[in-house]
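Hi,

Here is the model we talked about, ready for you to open. My notes on what turned up are underneath.

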Amino acid sequence: MTEAINAETLSATHILEYPYTRSVGPVIGRFLAGLRDRRIEGVRTAGGRVLVPPVEYDPRTGEPLSEFVEVGQAGVVSTWAWVAAPRRNHPLDRPFAWALIRLDGADTALLHTVDAGDESKMATGMRVRVRWRESTAGEIHDIACFEPEAS
Amino acid sequence: MREVAIVSFAQAPSVRRETERNEVEMLTPVIAEAIERSAISRKEIGFTISGSSDYLAGQPFSFVTALDAVGAWPPIRESHVEMDGAWALYEAWVRLQIGDVDSALVYAFGKSSPGDLGEVLALQLDPYYLAPLWPDPVSLAALQARALLESTGYTERDMAEVAARSRRDAQSNPNAQVASDFSVDDLLAEPYLVSPLRKHDCPPVSDSAAAVVLAAGDLARRVCERPAWVRGIDHRIDPHYPGVRNLAESPSAALAAREAGVGDAPVDVAEVHAPFSHQELILRDALGLDGRTAINPSGGALAANPVMAAGLIRIGEAARRIMEGNARRAVAHATSGPCLQQNLVCVLEGD
Amino acid sequence: MSEPVTSIRRPVRLEYDFTAGRAMSRFLLGLAEGRILGQGCPECARVYLPPRGTCPTCGVPAEEEVEVSPRGTVTTFCVVNIPSQVLVVPVPYVCANILLDGADVPIFHLIQECPIEEVRMGLRVEAVWVPAGELKATFESIRHFRPSDEPDAAYDSYREHL
């Protein structure tokens with residue numbers, strides 16, 4: 001319904017919804033199936049680098065990639081950002097950190113969240129471990145978040 | 001290469017929320033002003049192209065209705081990019097190389113206020129690994145800022161200095177949205193928004209529109225006293241996923257700058273599209289700019305950041321300084337995508 | 001190996017606070033008064049409906065308000081056999097482009113109160129408004145159009161507006 005915002009112009013709430021279902025293809029599909037089974041898999045390039053999350057083609061050479069490698073469920077934070085006030089769509093509803101996490105055995109970093117409780121618990125180079133969602137479904141949200149690894 | 005110059009530039013003042021006018025009503029006076037200043041008649045313009053994103057205002061195919069601001073009848077040669085208008089300018093420059101048309105109108109509009117930019121821009125991310133987590137642009141930029149701070153000698157004070165200088169310079173820019181005079185110490189006393197970014201490190205949400213007219217060779221000389229010649233222009237892209245690249249540097253901006261010839265001669269003024277303060281630090285290094293170059297005298301994207309138009313405005317602001325006789329050689333830069341993923345560099349020179 | 005994952009559901013919902021702008025607001029506020037307001041171009045004199053603040057032909061501001069007639073001519077039409085998710089009209093129904101007297105571009109609306117087979121190009125129609133107390137700043141203030149019992153318009157009178 002329209003409402004006047006001043007004497008001359010009208011405004012109205014306008015909602016766009018996109019009920020997309022997306023095909024994932026064999027590489028992303030394999031990664032997501034791994035998450036559903038609580039396993040994290042990357043893909044190895046001809047040069048020997050392990051990319052997590054996996055991509056279909058080597059970003060450096062364009063070669064197709066298909067050699068899957070399971071990597072660790074813990075790793076190192078390479079950079080992070082502290083969100084004091086989460087937005088409505090953010091994965092966690094309490095203060096958390098976004099982080100790029102290089103899992104053990106991987107050469108690239110995964111973007112996800114760290115449920116650290118307080119910013120003072122976060123540091124570049126810290127070790128974090130995956131916390132799985134209670135019921136997994138084959139999507140990136142199967143990783144509920146990461147949490148600081150007990151030292 | 002055919003010589004092509006910017007012969008006019010117009011923009012709407014950036015505002016937080018344009019409630020009075022729809023996109024067409026915003027664009028019409030800007031396009032009219034750019035065409036009038038170019039001294040080329042509307043019907044003589046050989047090619048028209050725009051840059052915008054329908055997601056911003058939530059109007060699918062709004063770029064088609066935006067043509068109402070152009071006067072597109074009888075049918076004109078027209079194109080559109082779902083990118084910042086700087087990339088539309090690149091396409092226009094390429095189009096003018098063909099040689100059958102001598103002028104082009106490039107415009108861009110960004111009305112970000114109707115939607116939530118933090119959510120809208122998350123939709124530009126890969127839909128499998130990234131977008132389902134809804135990382136907003138401030139959060140992604142914060143990851144980049146920390147990577148820069150912890151892998152180089154740059155500090156939060158350097159970032160605050162960029163912000164303070166930009167907002168101070170914006171005081172003399174009537175089209176800027178955020179203009180103020182704060183000390184760096186005051187800024188550093190503010191709380192974090194998404195650490196390590198404070199509010200001053202982030203761009204405002206802006207509504208605006210801009211237009212540029214390009215002309216080739218003799219036409220440019222005839223209609224403009226001091227054309228801003230495009231001496232080099234190039235755009236490059238880094239991998240999309242932020243975990244596969246070093247966020248503290250911008251190889252694509254550095255390569256585009258080299259291809260465009262930034263380092264071939266001294267640069268009087270540079271307008272770099274750095275929506276976040278730390279991104280100017282990354283870009284200064286990537287473009288090889290030093291203290292001899294005046295950077296973002298307009299205030300840059302920290303003073304006004306109409307998404308999809310802010311890059312074209314950088315080119316327009318750089319060209320304006322040449323057209324007004326205040327610079328001989330200028331560099332303009334535009335970015336698109338998360339964490340400076342895509343970068344365009346343009347070198348402009350006066351005669 | 002367990003079942004492969006072949007697709008993901010990825011619903012997106014975006015909320016906007018849409019501003020109609022000056023021209024469209026004038027048009028909508030006119031409907032709330034039972035009037036149909038277009039805008040005329042100062043250069044080519046065409047009258048646009050609904051107005052958008054500019055003349056798309058000349059590319060200049062077109063801010064002169066012009067009230068047009070609630071009567072007009074069907075320039076083209078189609079018979080819809082697919083139930084609408086938003087309209088509460090039974091199928092089949094007729095949608096038409098209607099050139100209102102005084103306007104230079106047709107508007108799109110429903111034709112009702114008329115057997116489908118009698119709808120034709122050139123048919124003269126008039127707006128049927130909601131009751132005066134229900135008029136609002138929305139296109140729905142015009143319920144539909146119906147034949148106005150005038151002789152058909154000559155093809156030449158609307159051929160430039162198809």
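**Domains and contacts**

Chain B is assigned two domains: domain 1 covers 4-115 + 205-228, and domain 2 covers 117-201 + 230-349. Keep in mind that this is a predicted model.

The C-alpha centres of those two domains of chain B are 22 Å apart. Where they touch, domain 1 of chain B puts in 38 residues and domain 2 of chain B puts in 31 residues. On the domain 1 side, the elements giving two or more residues are strand 1 (4-11), helix 2 (54-57), helix 4 (85-97), strand 4 (103-111) and strand 7 (207-216) of chain B. Helix 4 of chain B gives the most there, with six residues. Sorted by class, that side of domain 1 of chain B has 23 nonpolar, eleven polar and four charged residues.

Now for the contact between the chains. Chain A brings 32 residues to it and chain B brings 28 residues. On the chain A side, strand 2 (10-23), strand 6 (74-83), strand 7 (96-103) and strand 8 (110-114) of chain A each give two or more residues. The most come from strand 6 of chain A, with five residues. The chain A side breaks down into 19 nonpolar, nine polar and four charged residues.

Strand 6 of chain A is worth a look for another reason too: this strand pairs with strand 5 (residues 192-195) of chain B, antiparallel, over two bridges. If you want a spot to zoom in on, A:Trp82 sits opposite B:Ser195, which is in strand 5 of chain B.

Cheers

Key
Residues are numbered from 1 along each chain as its sequence is written. Chains are lettered from A and ligands numbered from 1 in the order in which they are written. This is a predicted model: local features need pLDDT of at least 70, side-chain atom pairs count only at pLDDT 80 or more; totals for chains, interfaces and linings use all residues. Two residues are in contact if their C-beta atoms, placed from the backbone, lie within 7 Å. Helices (H or I, at least four residues) and strands (E, at least two) are DSSP runs, numbered from the N terminus. Ala, Val, Leu, Ile, Met, Phe, Trp, Tyr, Cys and Pro count as nonpolar, Asp, Glu, Lys and Arg as charged, and the others, Gly among them, as polar. Two strands pair if DSSP finds at least two bridges between them. Domain bounds come from an automatic or database domain assignment.
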